[in-house]
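Welcome, and thanks for taking a look at this one with us. Below is a short briefing to read alongside the model.

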Amino acid sequence: MRLFVGDDWAEDHHDVEVMDSTGRRLAKARVPEGVAGMARLHAIIGDLVGDEDTDEVEILVGIETDRGPWVGALVAAGYTVLAVNPLQASRFRDRLGVSGAKSDAGDAHVLADMVRTHSHELRPVAGDSARAEAVKVVARTHKTMIWERTRHTQRLRHALRDYFPAALTAFEDLDAADTLELLAKAPTAAQAARLTIAQISAVLERARRRDVAAKAAIIQAALRSEQLGQPEVVTSAYAASVQALLAVLGVLNTQIKTLEGQVDAHFGQHPAAEIILSQPGLGPILGARVLAEFGDDPTRYASAKARKNYAGTSPITRASGKKKVALARFVHNDRLIDTLHAQAFSALLRSPGARAYYDRQRARGAGHNPALRQLANRLVGILHGCLKTSTLYNESTAWPQLAETATT
């Protein structure tokens with residue numbers, strides 16, 4: 001017996017629909033989030049199963065998320081949970097009707113029908129370990145805060161350009177500790193022009209900068225240079241806004257540093273950490289992000305190609321008639337692809353094989369980014385092999401063609 005459940009999640013409730021293998025609706029309900037809702041869902045399914053042998057019953061649940069306590073409870077109950085991409089669900093909805101109508105109950109029906117007809121093409125939620133989930137939590141939060149710091153830094157840059165352009169000439173890194181302290185001390189051009197060499201030097205020394213005297217002189221000269229400005233009242237308003245941005249950036253810098261230690265600590269406790277760290281271009285932070293996004297379920301990726309497809313590094317082919325082109329995947333996990341590209345770039349300096357592979361792609365006419373993406377794709381395959389066989393990275397094994405060239 002197989003039952004197919006569509007679970008459309010909202011903020012405080014779940015719309016669920018259960019259908020059989022013929023597509024006949026057996027039950028539908030709106031259940032609350034939490035323990036009470038899970039108990040209600042179990043009761044609905046229990047009534048439908050009746051006296052059937054539990055070993056012969058399979059419950060497949062389609063839901064548009066792959067994490068959270070609700071999903072964990074479904075997996076713990078023995079259900080097969082299929083995480084459906086919202087874009088897939090949206091396009092499947094168009095197959096059932098073209099009116100454009102949408103509702104939570106309708107989405108539950110779409111999800112149930114989708115797992116009924118296409119469960120063989122959907123990816124079950126990975127059975128990652130608790131350690132991997134812990135790494136994912138801290139690694140994702142750490143990366144999110146870095147993205148937030150970048151956003152606030154860009155806001156600061158735009159504000160300074162509008163009323164205090166000399167600051168952009170004086171400071172190279174707007175999110176650096178010394179820059180934040182000097183801007184907080186003198187947020188307007190008039191105040192900055194009065195900063196002395198001693199004041200600037202003291203800030204640079206606290207930030208442990210080198211060649212303090214020369215840098216202080218350069219900063220002072222830039223802050224005292226002639227620049228276009230704004231009326232005093234407008235400048236005052238900009239200064240207040242910048243002070244708020246500086247405060248946020250200061251907090252983000254502190255918390256990013258704190259979380260970096262947490263990422264390192266959690267990642268170091270995982271059994272796969274040694275293998276991942278042996279890969280060229282991966283340190284504790286990038287390695288933790290790789291583990292967090294790939295997970296550690298040993299059955300999740302049937303082959304290296306499956307892992308590459310999930311990573312989004314392998315190309316997609318578009319073929320029609322006599323035309324056939326290979327394109328980059330634009331639908332991908334942003335966190336994972338960002339990490340893998342960073343690994344590939346770093347590997348150029350740490351692995352002769354990676355460097356030779358990259359140079360070969362460039363020699364064939366590929367640009368920097370396409371060549372880097374192809375290298376990242378190759379590195380994902382190498383990582384897959386190491387994890388499957390529980391072996392550390394070996395340069396000659398990973399790049400046998402390089403070893404052959406060296407011996408001839």
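A good place to start is Leu 379, which touches Pro 280, Gln 343, Ala 344, Ala 347 and Trp 399, leaving aside residues up to four places away in sequence. Please keep in mind that this is a predicted model. From Leu 379 the tour goes on to the nonpolar cores, then to the open and enclosed spaces, and ends with the charged pairs.

**Nonpolar cores**

- Leu 379 is one of the residues that touch the most other members of the largest nonpolar core, which has 40 residues; the others in that group are Ile 276, Phe 294, Leu 340, Leu 375, Ile 382 and Trp 399.
- Two or more residues of this core come from each of H5, helix H11 (232–268), H12, H13, H15, helix H16 (352–363) and H17.
- Which element gives the most to this core? It is H17, with nine residues.
- There is also a second, separate core of 29 residues, and Ala 186, Leu 195, Ile 200 and Val 212 are among its members.
- As general background, nonpolar side chains in soluble globular proteins tend to be buried together.

**The largest pocket**

- The largest pocket holds about 1,700 Å³ of space.
- Its lining is made up of 45 residues, and those closest to the pocket centre are Ala 83, Asn 85, Gln 88, Arg 123 and Tyr 310.
- At least two lining residues come from each of helix H2 (69–76), helix H3 (86–96), helix H4 (104–118), H5, H13, helix H14 (304–311), strand S6 (316–320) and helix H15 (334–350).
- H3 gives the most to the lining of the largest pocket, with five residues.
- Sorted by class, this lining has 18 nonpolar, eleven polar and 16 charged residues.

**The second largest pocket**

- For the second largest pocket, the volume is about 370 Å³.
- This pocket is lined by 21 residues, of which Ala 272, Gly 295, Asp 296, Pro 298 and Leu 387 are the closest to its centre.
- Helix H12 (273–277), H13 and helix H17 (368–389) each provide at least two of the lining residues.
- H17 gives the most here, with four residues; H17 also gives the most to the largest nonpolar core.
- The class count for the lining of the second largest pocket is eleven nonpolar, five polar and five charged residues.

**The enclosed cavity**

- How many cavities of 30 Å³ or more are there? The count comes to one.
- The largest cavity contains about 40 Å³ of space.
- Its lining consists of Ala 139, Arg 140, Lys 143, Arg 289, Glu 293 and Arg 335.
- By class, that lining has one nonpolar residue, no polar ones and five charged ones.
- Helix H5 (130–163) and helix H13 (284–294) each supply at least two of the lining residues, and H5 gives the most, with three.

**Salt bridges**

- The total comes to 16 salt bridges.
- Glu 58 and Arg 2 form one of them, with their closest N and O atoms 3.1 Å apart. This pair links distant parts of the chain: Glu 58 sits in strand S4 (residues 58–63) and Arg 2 in strand S1 (residues 2–9), 56 residues apart.
- Are the partners in this pair buried or exposed? Glu 58 counts as partly exposed because its relative accessibility is 31%, and Arg 2 counts as partly exposed at 37%.
- Arg 209 forms a salt bridge with Asp 178, the closest N and O atoms being 2.9 Å apart. Arg 209 lies in the loop between helix H9 (197–206) and helix H10 (212–223), while Asp 178 is in helix H7 (residues 177–185), so the pair ties together parts that are 31 residues apart in sequence.
- In this pair Arg 209 is partly exposed, at 32% relative accessible area, whereas Asp 178 is buried, at 7%.
- Glu 181 and Arg 206 meet through their side chains in a salt bridge of 2.5 Å, N to O. Because Glu 181 lies in helix H7 and Arg 206 in helix H9, this pair ties together parts that are 25 residues apart in sequence.
- Glu 181 is partly exposed, with 28% relative accessibility, and Arg 206 is exposed, with a relative accessible area of 53%.
- Asp 15, Arg 30 and Asp 104 are joined into one network by salt bridges that share partners.

Terms used. Residues numbered from 1 in each chain as written. Predicted model: local features only at pLDDT ≥ 70, side-chain atom pairs only at ≥ 80, totals over all residues. Heavy atoms only, no water. Salt bridge = Lys/Arg side-chain N within 4 Å of Asp/Glu carboxyl O. Buried < 20%, exposed > 50% of the residue type's maximum accessible area, 1.4 Å probe, protein only. 1 Å grid on protein atoms, 1.4 Å probe; cavity = no way out; pocket = protein on both sides within 12 Å on 5 of 7 lines; lining within 4 Å. Points joined across faces, edges and corners; volume = space filled by probe spheres on them. Nonpolar A, V, L, I, M, F, W, Y, C, P; charged D, E, K, R; others polar. Core = buried A, V, L, I, M, F, W, Y, C linked by side-chain atoms within 4.5 Å. Contact = heavy atoms within 4.5 Å.
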